[in-house]
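Hi,

Here is the structure I promised to pass on. Have a look at it first, and then read on for what turned up in it.

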Amino acid sequence: MRDTLVLNASFEPLSTVTLNRAVVLVLQDKAVVEQAHPELRMRGAALDIPAPRVIRLCHYVRVPFRRRAPWSRRGVLVRDRHRCAYCGRRATTVDHVVPRSHGGQDTWLNTVASCAEDNHRKANRTPEQAGMPLLRVPFEPTPADAMLLALGQDDFATLPEWLAQPAA
């Protein structure tokens, strides 16, 4: 599970990494801990440090400009917080607003999280044809928002105030 946010030296979000990778970066003096988990500690024979939640690289890394967050099924579920866009229950699948057989694509604006029952009930129709209005309009997250969303909704409350909150 990727649960540590990596910031560039300029404090812009770069990616998320596993807790073990974050500890290695800190121990190699490639990153510093900006925020640690309040109760979690990493212990070894000669080591006892707080588990990093947000780390910042010591040297600036030039990253090619990315205008869009890459689409993925997991990304759609995370964006919609695993809640069905039709009924609000726990979502386990991704539904195409305009079905693929009607020319719908795998894009942020054409996919929503859905429970299996509603996905099956909607079938090969648009929400209007099926009489199933969307509770939320799908949106395209920015690359930085997608990384913050990947950390999970519960983590937002304890992230530093200076870290931008995701859209929606």
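Let me start with a pair in helix H3: Arg-121 forms a salt bridge with Asp-118, and their closest N and O atoms are 3.2 Å apart. Before you go further, bear in mind that this is a predicted model. Both residues of that pair belong to helix H3 and are three residues apart, about one turn of the helix. That spacing fits a general rule: an α-helix has 3.6 residues a turn, so residues three or four places apart point the same way. The two partners differ in how covered they are: Arg-121 is partly exposed, with a relative accessible area of 48%, whereas Asp-118 is buried at 5%.

Other salt bridges

How many salt bridges are there by this rule? The count comes to eight. Side chains of opposite charge can pair when their charged atoms come close.

H3 takes part in another one. Lys-122 and Asp-95 meet through their side chains in a salt bridge, 3.2 Å from N to O. This one connects distant parts of the chain, with Lys-122 in helix H3 (residues 116–122) and Asp-95 in strand S5 (residues 93–96), 27 residues apart. Are these two buried or exposed? Both Lys-122 and Asp-95 are buried.

Then there is Arg-41, which forms a salt bridge with Asp-48, with 3.0 Å between the closest N and O atoms. Here both partners are partly exposed: Arg-41 has 36% relative accessibility, and Asp-48 has 42%.

A charge over a ring, and no aromatic pairs

If you look for aromatic pairs, a search of the whole structure finds zero. One ring does have a charge for company, though: the charged end of Arg-79 sits over the ring of Phe-139, 5.6 Å from the ring centre.

Cysteines

What is the disulfide count by this rule? It is zero. Take Cys-84, which is in no disulfide; its nearest cysteine sulfur belongs to Cys-87 and is 3.7 Å away. Why is there no bond for Cys-87? Because the closest cysteine sulfur, in Cys-84, is 3.7 Å away, which is too far for a bond; the cut-off for a disulfide is 2.5 Å between the sulfur atoms. As for their surroundings, Cys-84 is buried, with 0% relative accessibility, while Cys-87 is partly exposed at 34%.

The S3–S4 hairpin

Strand S3 (residues 31–44) and S4 run antiparallel and are joined by nine bridges. Together S3 and S4 make a hairpin, with two residues between them. If you want one place to look, Val-33 has Ile-55 as its bridge partner in S4. S4 is mostly covered, as eight of its 11 residues are buried.

After S4 comes a loop worth a glance. Val-61 is in the loop between strand S4 (47–57) and helix H2 (73–79), and it is partly exposed at 34% relative accessibility. Which residue does Val-61 come to within 6.4 Å of, C-alpha to C-alpha? That is Asn-8, 53 residues away from Val-61 in sequence.

Helix H1

The buried residues of helix H1 (residues 19–27) are Leu-19, Ala-22, Val-23, Leu-25 and Val-26. Looking down the axis of H1, these buried residues fall within an arc of 160°, so they line one face of the helix.

Positive phi angles

Most residues other than glycine have a negative phi. Here are some with a positive value:

- Asp-29, which follows H1, has a positive phi near 60°.
- His-82 has a phi near 55°, positive in a residue other than glycine. His-82 lies in the loop between H2 and S5, and it is partly exposed, with a relative accessible area of 27%.
- Ala-123 has a positive phi of about 55°, although it is not a glycine. You will find Ala-123 in the loop between H3 and helix H4 (127–130), where it counts as partly exposed at 44% relative accessibility.

That's the tour.

Cheers

Technical notes
Residues are numbered from 1 along each chain as its sequence is written. This is a predicted model: local features need pLDDT of at least 70, side-chain atom pairs count only at pLDDT 80 or more; totals for chains, interfaces and linings use all residues. Side-chain values use heavy atoms; hydrogens and water are left out. A salt bridge is a side-chain nitrogen of Lys or Arg within 4 Å of a carboxyl oxygen of Asp or Glu. Buried means under 20% relative accessible area, exposed over 50%, partly exposed in between (1.4 Å probe, protein chains only). Helices (H or I, at least four residues) and strands (E, at least two) are DSSP runs, numbered from the N terminus. Rings of Phe, Tyr and Trp (its six-membered ring) pair if their centres lie within 6.5 Å; planes under 30 degrees apart count as stacked, over 60 as edge-to-face and the rest as tilted. A charge sits over a ring if NZ of Lys or CZ of Arg is within 6 Å of the ring centre and within 35 degrees of the ring normal. Two strands pair if DSSP finds at least two bridges between them. The arc is that of the directions from the helix axis to the C-beta atoms.
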